[in-house]
Every structure is written in structure tokens, then in C-alpha cells.
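Here's a quick walk through a ligand site and a loop with some odd backbone geometry. Have a look at the model, then read on.

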Amino acid sequence: MKKIVILISGRGSNMQAILAARLPLEVAAVISNEPSAPGLAAAEQQGISTRVVDHRAYADRAAFDAALASEIEGCGAELVVLAGFMRILTDEWVNRHRGRLVNIHPSLLPAFAGLHTHRRALEAGVKVHGCTVHFVTPRLDHGPIIIQAAVPVLPDDDEESLAARVLAQEHRIYPQALRWICEGRLELTPHGRVKLKHAQAADRALVSPALDNT
Ligand code: GRF
């Protein structure tokens, strides 16, 4: 069974969705850079081992990244799952974990990389918004896309209502992406795209869900 670590900084609802999905993988640890992250307690309640690597305790980004890498290696993890992890990792670190590092971002990348995605989507007046699970590359919120889910932006939406609609989809697509990884179904093409092997019609519906699928 594949061993993973989940990196969080806060609430950890994606982490909980991953745990609840009962995937064929072992969560070796949940690691947070924030000692007070509520997600840590949630993981402990489910018997998952937790660690804190507090970025404030390190002189610079490289020292923090080294400490993080050694925790991850100590767990024997083959895959690093970023789930609301709010620290930028150095290019070297990301390159060292290339192909073994995934992230979820609350927008339809490449639109709205960075912070405050729901606010920016509302300001831009887009009619469709969503979320993306992708392999991580050194460029922020960039990298081969594994799965996306789209939701409509409704006329009365505010940041909170839109975020809630997107989050429900995050909780669906992150476990799905990890399931495909566990099943060895993902192939990175030379052009840096992700191909789903042996895709059936049902899988295609998952990759491009209908917009009314809220
Ligand atoms: C999610 O919206 C995720 O897409 C983003 O940060 C948020 C984390 O939420 N990267 P949670 O901690 O998983 O509840």
C-alpha cells in the first residue's frame, strides 16, 4: 500500500475528506507548519500520527524545507499531499519531489493562481469557477492537471457561498485523484499533461463533471 503524508496549515477539511474516502493507501502522518492548525486534532482523533514543523523555528526557507523533507523521509512516504498547506516551498524542494507532490487549488487553473480565488472570480464576473488537483512544479499553483470540477457562479453569490460550493467539489475530486494515483492510472506525457489510463465513460464524467453537479 502506498504511504502518503498530508501537509496542512489550517482546518484540514480536504485532509478529512481523504481520510473518510478509505483509499487503498496508508496515511503515515499529517504534518502542519502551524502548531494550532485545527486539522491536527481532527487527524489525531482518527488515530493518525501528527507532526509539527513550525516554520518560525527555522532561520530561512531552506532550513524549514530541509526539516520538512527529513520528517517526510522519516515517515517513508512515497507521495506528499498538500491540503491547504500555506507555505511556499523552495524550487529545489519541489524539484526533488517532482511527480510525488500533489496540491489542490480552489480555482480552475490556470485561472486565479494565488490567494483569494473566490473573491477574484466574483470580481472578474466569471460564470464558471471550480477547483483543480495538480502535480506541483516550482511555479506557484501550476503543474500538470489531474482533475478539475466546475461549479456555476450564481447571481447572488458572495465569497462565502461560492467558497462552500467549490469546497464540496474539492472534497470529491481530491480523493478521486489519489485513488487514480494509487491505482497507477496516471501517466505524465512528455508535454507535461496528465493522461488517465484505461479511461471509461464514467471516468471522463469525473474529469469534466456537468456544471449542475453542485
Ligand atoms: C482549500 O480551499 C484548498 O483548495 C486550499 O486551501 C483550502 C484548505 O482548506 N489550498 P482545508 O484546510 O482543506 O479545509
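Where does the ligand sit? In this predicted model, the ligand is found in the largest pocket.

## Who's around the ligand

Two elements give two or more residues each to the shell: α1 (13-20) and β5 (101-105). The full set around the ligand is R11, G12, S13, N14, G84, I104, H105, P106 and E170. By type, that shell splits into two nonpolar, five polar and two charged residues.

Both domains chip in, too: domain 1 (1-97) and domain 2 (103-214) each supply at least three residues of the shell.

## Polar contacts and cover

R11 puts a polar side-chain atom 2.5 Å from an oxygen atom of the ligand. G12 uses its backbone instead, with an N or O atom 2.8 Å from a ligand oxygen. Over at I104, a backbone N or O atom lies 3.1 Å from a nitrogen atom of the ligand.

As for cover, the ligand on its own has 370 Å² of accessible area, and the protein covers 85% of that.

## A loop with two quirks

Now for the loop between β5 and α5 (117-124), which holds P110 and also H116. What is the peptide bond from L109 to P110, cis or trans? That bond is cis, with omega near 10°.

H116 has its own twist: its phi is near 55°, a positive value in a residue that isn't glycine. Why point these out? Because most peptide bonds are trans, and most residues other than glycine have a negative phi.

Definitions and conventions: Residues are numbered from 1 along each chain as its sequence is written. This is a predicted model: local features need pLDDT of at least 70, side-chain atom pairs count only at pLDDT 80 or more; totals for chains, interfaces and linings use all residues. Side-chain values use heavy atoms; hydrogens and water are left out. A residue is near a molecule or strand if one of its heavy atoms lies within 4 Å of it. A polar contact is a pair of N or O atoms within 3.5 Å; within protein, one must be able to donate a hydrogen and the other to accept it, and residues adjacent in sequence count only if both atoms are side-chain atoms. Accessible areas come from the Shrake-Rupley method with a 1.4 Å probe; for residues, only the protein chains shown count as cover. On a 1 Å grid over the protein atoms alone, a cavity is a set of points where a 1.4 Å probe fits but cannot get out, and a pocket is an open set with protein on both sides within 12 Å along at least five of seven lines; lining residues have an atom within 4 Å of a point. A molecule sits in a cavity or pocket if more than half of its atoms lie within 2 Å of its grid points. Helices (H or I, at least four residues) and strands (E, at least two) are DSSP runs, numbered from the N terminus. Ala, Val, Leu, Ile, Met, Phe, Trp, Tyr, Cys and Pro count as nonpolar, Asp, Glu, Lys and Arg as charged, and the others, Gly among them, as polar. Domain bounds come from an automatic or database domain assignment.
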